[in-house]
Amino acid sequence: MDNCKLVTKDNKLISASYSLGIPEQRIIFLAIVAARAQDKLIDARGVLQIHASSYQEQFKVEKHTSYDALKSATRGLFDAYFEYDDVHEQTGKPVHHLVNWVQKISYIDTAGMIELQFTDAVIPLITRLSEQYTEYELKQVSELQSEYAIRLYELMMQWKTVGKTNKIATDDLRKKLGVEPKNYQRMSNFKARVLDHGINQINTFTDITADYEQHKIGKVITGFTFTFKQKKAPEQLATATNKNRDNATPDLFHNMTDDQISTFSKKLAALPEVGSNFAPSGMSEADFVAMIADDLGYADKQAKYSKHLAKLGFKAAKSKVK
């Protein structure tokens, strides 16, 4: 567990609305890990140091990229804030909070280092946690290249024991993900560029496989529910593979050639049962073909098309025994 870096946030912070770029979110992660690693819980006067070398190692980037990320994120984090709803302690009335992330942040160029101080309001949300908090391993979001994917993963982890979120209204979801009002105003763009792209990254790089369901009133999409399940651990996958071999059944995943992916993605998209089960509402035929083509390259995604591939006559090439 020594190498297991945990990101822990109060659910008020998980459910908050904010817009942070990838470098800013990553620095917040490293700062939270650093804060909770201290023997004495920090207060607002506590200074946290984030080194470019830590950023480089954790997020697998080049040295110059880590320096650039720290430098560019300094201004971004100083200007950044988040907002969330709560109940006012004295009056018991609903209250809407706006909170700055940091009260001071400094970039030391020649040292490749940031020093930051969280604001008073942030400290209890990352250290003095109530029963309502969310925790996950930092490595799960380290390879995500979309700020929306990071926030989607966090929102789902809040419901980890259930495997399904509650319904999130569309406008509320946009705010939680940090989607600016002027961006992706058309629902088809929002789903393709934010939700579908984010879900694909989560399915590829994290420990869960996720999907979403849209809710409508008439033809208007009013909200979304996200479902997810834990991927099998490597040892479980190995056991399942060996079991398949013992039963003389073929492996579920096939390394398809580019030509096969191109051919069968079009054939699959043309099957009514595939379209009704897997095509996101409003997605064009060309985009659906492209989505299937991408899915066919990944074991956890290709499996859902296996019976349809068999129906279309796909046969995996037999391996040569040396």
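**Exercise 1. Find what share of the chain's residues is buried, and set it beside the chain's overall make-up.**

Solution. Start with burial: in this predicted model, buried residues make up 40% of the 322 residues in the chain. Next, take the surface: about 18,400 Å² is exposed, and carbon and sulfur atoms supply 49% of that area. Then count the secondary structure, which comes to 14 helices and 10 strands. Finally, look at the contacts between residues at least 6 apart in sequence: 64% of them join residues at least 24 apart.

**Exercise 2. Work out how helices α2 and α3 are oriented to each other, and which residues make their contact.**

Solution. Begin with a reminder: two packed helices are described by the angle between their axes and the distance between the axes. For α2 (residues 22-37) and α3, the angle is about 105 degrees and the axes are 11 Å apart. Angles of 65 to 115 degrees count as roughly perpendicular, and α2 and α3 are therefore roughly perpendicular to each other. On the α2 side, the contact is made by Pro-23, Arg-26, Ile-27 and Leu-30, while α3 brings Tyr-55, Gln-58 and Phe-59. Sorting the residues of this contact gives five nonpolar, one polar and one charged.

**Exercise 3. Place Leu-138 in the fold and list its contacts beyond its neighbours in sequence.**

Solution. First locate the residue: Leu-138 sits in the loop between β7 (133-137) and α6. Now check its exposure: Leu-138 has 0% relative accessibility and counts as buried. Leaving aside neighbours within four places in sequence, Leu-138 touches Lys-5, Val-7, Phe-29, Leu-30, Val-33, Gln-58 and Phe-59. Among these partners, Leu-30, Gln-58 and Phe-59 may look familiar, as they also take part in the contact of α2 with α3. Take Phe-59 as a last check: Leu-138 and Phe-59 are 79 residues apart in sequence, yet their C-alpha atoms are 9.8 Å apart in space.

**Exercise 4. Describe the packing of α6 with α7, and sort the residues involved.**

Solution. Helix α6 spans residues 147-157 and helix α7 spans residues 170-177. They pack at an angle of about 115 degrees, with 9 Å between their axes. That makes α6 roughly perpendicular to α7. From α6 come Tyr-148, Arg-151, Leu-152 and Leu-155, which meet Leu-173, Lys-176 and Leu-177 of α7. The tally for this contact is five nonpolar, no polar and two charged.

**Exercise 5. Decide how the buried residues of α12 are arranged around its axis.**

Solution. List them: in α12 (residues 285-295), Phe-288, Val-289, Met-291, Ile-292 and Asp-295 are buried. Then look down the axis of α12: these buried residues fall within an arc of 160 degrees, so they line one face of the helix.

**Exercise 6. Examine the positive phi values of Lys-60 and Tyr-184, and say where each residue lies.**

Solution. Keep the background in mind: most residues other than glycine have a negative phi. Lys-60 has a phi near 55 degrees, a positive value in a residue other than glycine. Its place is in the loop between α3 (52-59) and α4 (63-79), and at 68% relative accessibility Lys-60 counts as exposed. Turn to Tyr-184, whose phi is also positive, at about 50 degrees. Tyr-184 lies in the loop between α7 and α8 (187-205). With a relative accessible area of 23%, Tyr-184 is partly exposed.

Key: Residues are numbered from 1 along each chain as its sequence is written. This is a predicted model: local features need pLDDT of at least 70, side-chain atom pairs count only at pLDDT 80 or more; totals for chains, interfaces and linings use all residues. Side-chain values use heavy atoms; hydrogens and water are left out. Axes are lines fitted to C-alpha atoms, for helices over the stretch in contact, and angles run from 0 to 180 degrees between N-to-C directions. Helices (H or I, at least four residues) and strands (E, at least two) are DSSP runs, numbered from the N terminus. Angles under 35 degrees count as roughly parallel, over 145 as roughly antiparallel, 65 to 115 as roughly perpendicular and the rest as oblique. Contact means heavy atoms within 4.5 Å. Ala, Val, Leu, Ile, Met, Phe, Trp, Tyr, Cys and Pro count as nonpolar, Asp, Glu, Lys and Arg as charged, and the others, Gly among them, as polar. Buried means under 20% relative accessible area, exposed over 50%, partly exposed in between (1.4 Å probe, protein chains only). The arc is that of the directions from the helix axis to the C-beta atoms. Accessible areas come from the Shrake-Rupley method with a 1.4 Å probe; for residues, only the protein chains shown count as cover.
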